[in-house]
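I sat down with a fresh page to see how the inside of this protein is put together. Here is what I looked up, in the order I went.

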Amino acid sequence: MEKKKIERTLLIIKPCAVQRGLIGEVISRIEKRGLKIIAMKMLQLTKEILREHYSHKTDKPFYPLIEASMMAAPVVVICVEGLEAVRVVHDMAGATNGRDALPGTIRGDMSVSGQENIVHTSDSLETASAELKRFFSESDYYEYDSPLFNYLYAADEV
């Protein structure tokens, strides 16, 4: 079996989830899956950060709705670490539109909206790297060993 690399990815718990009291539920799913949280903070997003974060969508007619939604309340930004974490976390989120997301995914279990869809996740290693730099500095990360690590992955996987 080919050994894979431990990756870091960004997860944003959106204002809709913060307002609905779902922070703990989302974090619990990440931890139960065996992924490790190595940085986390709550913050209020600004127009400047959002324009940078959604630069690929700012010219779309629906962008003002994204901006208003993402500034409605604070968000929780989390750096998640694990084997193939980018794909694993992105898959855990489910389809962007909660109505299309499969049961068992975060959006499939907690959302019925395309916009108010609980979380944002990075979709590639490159995106994750850029997004993590946007929200965290090196001093925000906490490296620690988990006694569960050897029970999460087989020896030939990492």
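These entries cover the nonpolar cores and then one histidine.

**Entry 1: the model.** I note at the start that I am working from a predicted model.

**Entry 2: the largest core.** I looked up the largest nonpolar core and found 23 residues in it. The members that touch the most others are Leu11, Ile13, Val26, Ile30, Leu35, Ile78 and Ile118. I then asked which elements each supply at least two residues of this core. They are the strands β1 (6-13) and β3 (75-83), along with the helices α1 (15-19), α2 (23-33), α5 (85-93) and α6 (106-110). Helix α5 gives the most, with 5 residues. A reminder to myself: nonpolar side chains tend to be buried together in soluble globular proteins.

**Entry 3: isoleucine 30.** I picked this core member for a closer look. Setting aside neighbours within four places in sequence, isoleucine 30 is in contact with Leu11, Leu35, Ile37, Val80, Val89 and Met92.

**Entry 4: a second core.** Apart from the largest core I found another one, of 17 residues. Its members include Ile38, Ala39, Leu132 and Phe135.

**Entry 5: histidine 53.** Is histidine 53 buried or exposed? Its relative accessibility is 5%, under the 20% cut-off, so histidine 53 counts as buried. I placed this residue in helix α3 (residues 47-53). Its side chain makes a polar contact of 3.3 Å with the side chain of histidine 120, and another of 2.8 Å with the side chain of arginine 134. Not counting residues up to four places away in sequence, histidine 53 touches both of these partners as well as Leu10, Ile12, Glu131 and Phe135.

Methods:
Residues are numbered from 1 along each chain as its sequence is written. This is a predicted model: local features need pLDDT of at least 70, side-chain atom pairs count only at pLDDT 80 or more; totals for chains, interfaces and linings use all residues. Side-chain values use heavy atoms; hydrogens and water are left out. A nonpolar core is a set of buried Ala, Val, Leu, Ile, Met, Phe, Trp, Tyr and Cys residues joined through side-chain atoms within 4.5 Å. Buried means under 20% relative accessible area, exposed over 50%, partly exposed in between (1.4 Å probe, protein chains only). Helices (H or I, at least four residues) and strands (E, at least two) are DSSP runs, numbered from the N terminus. Contact means heavy atoms within 4.5 Å. A polar contact is a pair of N or O atoms within 3.5 Å; within protein, one must be able to donate a hydrogen and the other to accept it, and residues adjacent in sequence count only if both atoms are side-chain atoms.
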